[in-house]
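Q: I have a chain open on my screen and would like to talk through how its parts fit together. Could we start with the packing and then move on to single residues?

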Amino acid sequence: MLEQGNVIYIGRKPVMAYCLAVMTALKSEGSEVTLMARGRAISKAVDVAEVVRNQFVSDLVVKDISIGTERLETEDGSPRNISNIAINLVKD
């Protein structure tokens, strides 16, 4: 389970908005940030991690990646599996 406080939930905003959030969190809170996403936002979380690592913070490394599946109910009551990802980034 995740214990750190720097968690950024990835959703519908543009990639650069989340990149700014990651850089702000790294500057003010410490050297560790976790990106959390599920469903279609998983690819955006990977994009955010790569853009920040390759263009803005050169000493940022991926410490851990965890994936999983949540079972949620749809509006009609049928179960549905939703994938999720947590990408833990650490500044060296």
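Q: At what angle do H1 and H2 pack, and how far apart are their axes?
A: In this predicted model, H1 and H2 pack at an angle of about 60°, and their axes are 9 Å apart, where axes are lines fitted to C-alpha atoms, for helices over the stretch in contact, and angles run from 0 to 180 degrees between N-to-C directions. That makes H1 oblique to H2, since angles under 35 degrees count as roughly parallel, over 145 as roughly antiparallel, 65 to 115 as roughly perpendicular and the rest as oblique.

Q: Which residues make the contact?
A: With contact meaning heavy atoms within 4.5 Å, H1 contributes Val15, Met16, Tyr18, Cys19, Val22 and Met23, while H2 contributes Lys44, Asp47, Val48, Val51, Val52 and Phe56.

Q: And how are helices and strands assigned and numbered here?
A: They are DSSP runs numbered from the N terminus, with helices being H or I of at least four residues and strands E of at least two.

Q: Which elements have the lowest and the highest mean pLDDT?
A: Taking pLDDT as the predictor's confidence in each residue, from 0 to 100, helix H1 (residues 15-28) has the lowest mean among the elements of the chain, at 94, and helix H2 (residues 42-56) the highest, at 97. The chain as a whole averages 92, and 95% of the residues score at least 70.

Q: Any conventions I should keep in mind?
A: Residues are numbered from 1 along each chain as its sequence is written, and side-chain values use heavy atoms, with hydrogens and water left out. As the model is predicted, local features need pLDDT of at least 70 and side-chain atom pairs count only at pLDDT 80 or more, whereas totals for chains, interfaces and linings use all residues.

Q: New topic: is Asn6 buried or exposed?
A: Asn6, in the segment before strand S1 (7-9), counts as buried at 9% relative accessibility, where buried means under 20% relative accessible area, exposed over 50% and partly exposed in between (1.4 Å probe, protein chains only).

Q: What does its side chain reach at 2.8 Å?
A: The side chain of Asn6 reaches the backbone oxygen of Glu32 at that distance.

Q: And which side chain does the one of Asn88 make a polar contact with?
A: Asn88, in strand S4 (residues 79-91) and buried at 8% relative accessibility, makes its side-chain polar contact with the side chain of Glu32 (3.1 Å). A polar contact is a pair of N or O atoms within 3.5 Å; within protein, one must be able to donate a hydrogen and the other to accept it, and residues adjacent in sequence count only if both atoms are side-chain atoms.
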